[in-house]
Amino acid sequence: MLSLRNKRESFTLLNTPLVLFILIIITFVRIYSLHVSPIELSVDEAQYWHWSRNIDLGYFTKPPLIAWLISFSTFIFGNEEWAVRLFSPITHLFISLVLWATAKFVFGSNSGKVAALIWIFTPAASVGGFIISTDTPLLFFWSLSLYFLLKSVKENSSFASLFVGIFLGFAFLSKYAALYFLIFLIIWWLIYDRSIFLSFKDILTIIFTSIMIASTNLYWNYLNDYVTINHTISNANLSEIIINYNNVIDFLLSQFLVFGPLLFLLYVLVILNSLFKNNYLTLLAFLSLPIIVIITIQSFLKISNANWAVTAYIGATLIVSYYVTLKKNRFFKIIYNFGILLNLAISVFILKVCITGSFDPISLKSDPLRKNLGFKELAIKIQDTFETENISKIIFETRSDITRFNYYMNRYYNKFEDKIFIKSNSDNPGNFYEKNYNYDLIQKIKGEKVLIVRNNSNFENNSYNLNKFKLVKIISNKTIKNMQRKYFLFIGEIK
């Protein structure tokens, strides 16, 4: 069904209705997986949900668009996990459609269908279609920016350049990694274009329009001591360099899993040949390869996560779609065929993991799912203790705990709103909760009872300044196989 047959400079692919049907069916199956999955919200997802309860122009560690999306979906469908994540599979469907339109516009109809299939089956889209993250809207607006940029280049359209700036601004409101687009676009223009295809006026239009859209968050940062920008700079800080070759190897290997093993190999084989090939391929190469190179360097000097270079694969998808449809290279087409089939198999396995909450039959030394199981049940036990013991406040000691328990205890009735806090040992807040829900900074009433939730039994009263305290309960549940999550509940009385 996925076979490719030579036809002049291109080859026959699946017909348009069938490709569209595949994209829609995959999206509906992914939405179904959200409904039935036992996997609970991650730390970041739960924090984004908390942000969505208070719409703002920015938040402690991220721009605001992720919270806006969650606020919209939960306003309509409620606060279940699937509703929090709903925009993830839908957005990846839209990304596939935008890439389809983009590749069709610059390379032809067959390239468009290939690009759509490549993206929907990438492991990045398979995992990204289940979890809600800042990468999801970033990739959508990045792909829209790229579509209008290529339109501006091909048609010499200042109107299209305006839309590049608009969508690039929204990409910035999704995640600051959108700056890569603007930086490497300018570098491409200075080195390769120099007003041949894109005028200086168009470049200025893109820059100033994107800044204007992004200025809402910049102004919010100004009012809040540039907290988000400083946090982002801190994450990328290379002042404490830890040279580690293993980090480089780990990152590069992870990219085979982000884009798909064989398709990433195909991208590596063709990317250097794409540079200075023509204006379209060169632009796509400038908006993909340097991102991977920069994050690889960062992994060598410090550390990097697999998803940090994910924006590179928007351009990579389009480049690969060109080479497997418009080049008479049987080897490329064979790699593409097997690559799509391999990505399909990986996507099916990821879907199975999402639905069942298990990696079986694969046995992992460290199962990441254990981190996202069991909080819902434990939240009920903590709530019972709160009610029976006449508690006024609940204190957690890690961001990992407060995010999930806050979600599972507040998602329906907000009963514990402004009653959940974090005990921080740092003078400078390192996250949203340490800044806004710091137990040490709140007003306390003598004699009130607080519930302290710890993941170990060692309790030191010095930092809490309690009159008396006692261990009242140990709660636990099973996460995966023989592993358990356990908490020790202490009750103390304020001096």
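Biologist: Let's fix one term before we start: two strands count as paired if DSSP finds at least two bridges between them. With that in hand, how many bridges join β5 and β7 in this predicted model?

Modeller: β5 covers residues 449–454 and β7 covers residues 484–494. They run in the antiparallel sense, and that pairing clears the cut-off of at least two bridges. One spot to look at is Val453, which stands opposite Leu489 in β7. Another is Ile452, which has Phe490 of β7 across from it, and the count for the β5 and β7 pair is six bridges.

Biologist: Which strands sit at the edges of the sheet?

Modeller: The sheet is open and mixed, with five strands in the order β4-β3-β5-β7-β6. An edge strand pairs on one side only, and that description fits residues 420–422 and 466–478, which are β4 and β6.

Biologist: And how much does the sheet twist from one strand to the next?

Modeller: Think of that five-strand order, β4-β3-β5-β7-β6. Going from one strand to the next, the twist averages 25°.

Biologist: What angle does the direction of α20 make with that of β4?

Modeller: Start from the pair β5 and β7, joined over six bridges. Helix α19 (residues 375–388) packs on the sheet, touching β3, β5, β6 and β7, with its direction at about 145° to that of β6. Helix α20 (residues 399–410) packs there too and touches β3, β4 and β7; its direction makes an angle with that of β4 of about 175°.

Biologist: Over how many bridges do β6 and β7 pair?

Modeller: These two form a hairpin with five residues between them, and Lys481 in the turn has a positive phi of about 50°. Across the pair, Lys473 stands opposite Leu489, while Ile474 has Phe488 as its bridge partner. The sense is antiparallel, and the number of bridges is eleven.

Biologist: So Leu489 comes up twice. What faces Leu489 on the β5 side, and what on the β6 side?

Modeller: In the order of the sheet, β7 is listed between β5 and β6. On the β6 side the residue opposite Leu489 is Lys473. On the β5 side the residue opposite Leu489 is Val453.

Biologist: How many residues of β7 are buried?

Modeller: Buried here takes under 20% relative accessible area. β7 is largely enclosed by the rest of the structure, because the buried ones, out of its eleven residues, number eight.

Biologist: Which helix gives the largest share of the largest nonpolar core?

Modeller: That core has 149 residues, and Leu149, Tyr267, Ile382 and Ile394 touch the most other members. The largest share is twelve residues, from residues 135–155, that is, helix α8.

Biologist: How many residues are in the second, separate core?

Modeller: In the largest core, Leu149 touches residues including Val164, Phe181, Leu198 and Leu287. The second core is separate and includes Leu86, Ile350, Leu373 and Ile480; its size is 14 residues.

Biologist: Is Asn156 buried or exposed?

Modeller: Asn156 lies in the loop between α8 and α9. It does have contacts, touching Lys151, Phe197 and Asp202. Asp202 is 46 residues away in sequence and 8.9 Å away in space, C-alpha to C-alpha. Still, the relative accessible area of Asn156 is 54%, over the 50% cut-off, so Asn156 is exposed.

Biologist: On to aromatics. Which lysine has its charged end over the ring of Phe105?

Modeller: The whole structure has 48 aromatic pairs. Phe105 belongs to one cluster along with others, among them Phe94, Phe140, Tyr147 and Phe170. At 4.7 Å from the centre of the Phe105 ring sits the charged end of Lys154.

Biologist: Where else does a lysine lie over a ring, and at what distance from the ring centre?

Modeller: Look at the face of Tyr464. Lys423 lies over it, and the distance from the ring centre is 5.5 Å.

Biologist: What is the relative accessibility of Asn414, which has a positive phi?

Modeller: Most residues other than glycine have a negative phi. Asn414 has a phi of about 55°, and it lies in the loop between α20 and β4. Asn414 counts as partly exposed because its relative accessibility is 29%.

Biologist: Which bond to Pro361 is cis?

Modeller: Most peptide bonds are trans. Pro361 lies in the loop between α18 and α19. Omega is near 10° for the cis bond, which comes from Asp360.

Conventions
Residues numbered from 1 in each chain as written. Predicted model: local features only at pLDDT ≥ 70, side-chain atom pairs only at ≥ 80, totals over all residues. Heavy atoms only, no water. Helix = DSSP H or I, 4+ residues; strand = E, 2+ residues; numbered from the N terminus. Axes fitted to C-alpha atoms, helices over the stretch in contact; angles between N-to-C directions. Contact = heavy atoms within 4.5 Å. Phe/Tyr/Trp six-rings, centres within 6.5 Å; stacked < 30°, edge-to-face > 60°. Lys NZ or Arg CZ within 6 Å of the ring centre and 35° of its normal. Buried < 20%, exposed > 50% of the residue type's maximum accessible area, 1.4 Å probe, protein only. Core = buried A, V, L, I, M, F, W, Y, C linked by side-chain atoms within 4.5 Å. Lists of a residue's contacts leave out its neighbours within four places in sequence.
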